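User: Please take a close look at one charged residue in this model and follow the contacts and the chain outward from there. I would like a single connected account, with the cut-offs stated.

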Amino acid sequence: MNKKRILSIVAAVCVLAVLVVGAVLLYNNFVKTADGDKTITFDVVTADGTETFTINTDALYLADALLEEGVITEKAADGMYTTINGVEALWENDEAWWNITKDGVSCTVGMNEQPIADGDHFEATYTNGFSY
């Protein structure tokens with residue numbers, strides 16, 4: 001075999017190896033849903049204090065559980081939930097938004113895509129602007 005063909009084969013094997021490793025890492029880090037009944041805790045944190053909701057549900061995703069309990073209302077046209085526990089957070093009014101966290105760590109997906117499992121603890125904190 002000539003040198004150019006050997007380099008092409010080595011490059012193809014390296015690319016394939018990177019793709020396989022990436023797929024395995026993605027699969028292992030992908031949050032899975034949990035079927036069946038579960039109990040979650042959802043704290044709503046505002047300037048007036050914290051209100052805690054204990055929710056029993058068979059929903060797979062956070063938004064579905066919160067909608068069932070009436071903690072959130074239907075999402076706005078832009079896909080965001082702006083009202084939680086009757087408190088509206090609108091960016092255009094005072095740069096307000098809801099920071100959704102799980103055990104104090106910001107969620108990496110929206111509430112419609114956030115899987116829930118028995119014993120999960122979430123927080124919604126009324127936030128103004130961003131601090132860097």
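Analyst: Lysine 102 is partly exposed, with a relative accessible area of 27% (buried means under 20%, exposed over 50% and partly exposed in between, using a 1.4 Å probe and protein chains only). This is a predicted model, in which local features need pLDDT of at least 70 and side-chain atom pairs count only at pLDDT 80 or more, while totals for chains, interfaces and linings use all residues. Residues are numbered from 1 along each chain as its sequence is written, and side-chain values use heavy atoms, with hydrogens and water left out.

The side chain of lysine 102 meets that of aspartate 120 in a salt bridge, at 3.5 Å from N to O (a salt bridge is a side-chain nitrogen of Lys or Arg within 4 Å of a carboxyl oxygen of Asp or Glu). The pair links distant parts of the chain, 18 residues apart: lysine 102 is in strand 5, and aspartate 120 is in the loop between strand 6 (105-106) and strand 7. Helices (H or I, at least four residues) and strands (E, at least two) are DSSP runs, numbered from the N terminus. Aspartate 120 counts as buried because its relative accessibility is 10%. A search of the whole structure finds one salt bridge.

For the wider setting, the protein has three helices and seven strands, in the order α-β-β-α-β-β-α-β-β-β from the N terminus on. Of its 132 residues, 27% count as buried.

The same search applied to rings finds one aromatic pair in the whole structure (rings of Phe, Tyr and Trp, the last by its six-membered ring, pair if their centres lie within 6.5 Å; planes under 30 degrees apart count as stacked, over 60 as edge-to-face and the rest as tilted). The ring centres of tryptophan 98 and tyrosine 126 are 5.5 Å apart and the planes stand at 85°, so the pair is edge-to-face. Because tryptophan 98 lies in strand 5 and tyrosine 126 in strand 7 (residues 121-128), the pair ties together parts that are 28 residues apart in sequence. Tryptophan 98 is buried, at 9% relative accessible area, whereas tyrosine 126 is partly exposed, at 24%.

Tryptophan 98 also leads to the loop between helix 2 and strand 3, where threonine 82 lies. The C-alpha atoms of threonine 82 and tryptophan 98 are 7.3 Å apart, across 16 residues of sequence, and threonine 82 is buried, with 17% relative accessible area. Threonine 83 belongs to strand 3 and is buried as well, at 15%. From C-alpha to C-alpha, threonine 83 and tryptophan 97 are 9.5 Å apart, with their positions 14 residues apart in sequence.

Two backbone angles belong to this stretch of the chain. Most residues other than glycine have a negative phi. Glutamate 95 has a phi near 55°, a positive value in a residue other than glycine; this residue sits in the loop between helix 3 (91-94) and strand 5 (96-102) and is partly exposed, at 42%. Asparagine 85 likewise has a positive phi, near 55°. Asparagine 85 is in the loop between strand 3 (83-84) and strand 4 (87-88) and is partly exposed, at 29% relative accessibility.

Returning to charge, a surface patch of negative charge gathers Asp37, Asp58, Asp64, Glu68, Glu69 and Asp118. Patches are made of residues with over 30% relative accessible area and no salt bridge; like charges are joined within 9 Å, and nonpolar side chains (Val, Leu, Ile, Met, Phe, Trp, Tyr) within 5 Å. Lys and Arg count as positive and Asp and Glu as negative, with His and the chain ends not counted; the charge is placed at NZ of Lys, CZ of Arg, CG of Asp or CD of Glu. Accessible areas come from the Shrake-Rupley method with a 1.4 Å probe, and for residues only the protein chains shown count as cover.

Within the patch, aspartate 37 lies in the loop between helix 1 (3-29) and strand 1 (38-46) and is exposed, at 72% relative accessibility. Aspartate 37 and aspartate 118 are 81 residues apart in sequence but 7.6 Å apart in space, C-alpha to C-alpha. Aspartate 64, also listed in the patch, lies in helix 2 (residues 62-69) and counts as partly exposed, at 35%.
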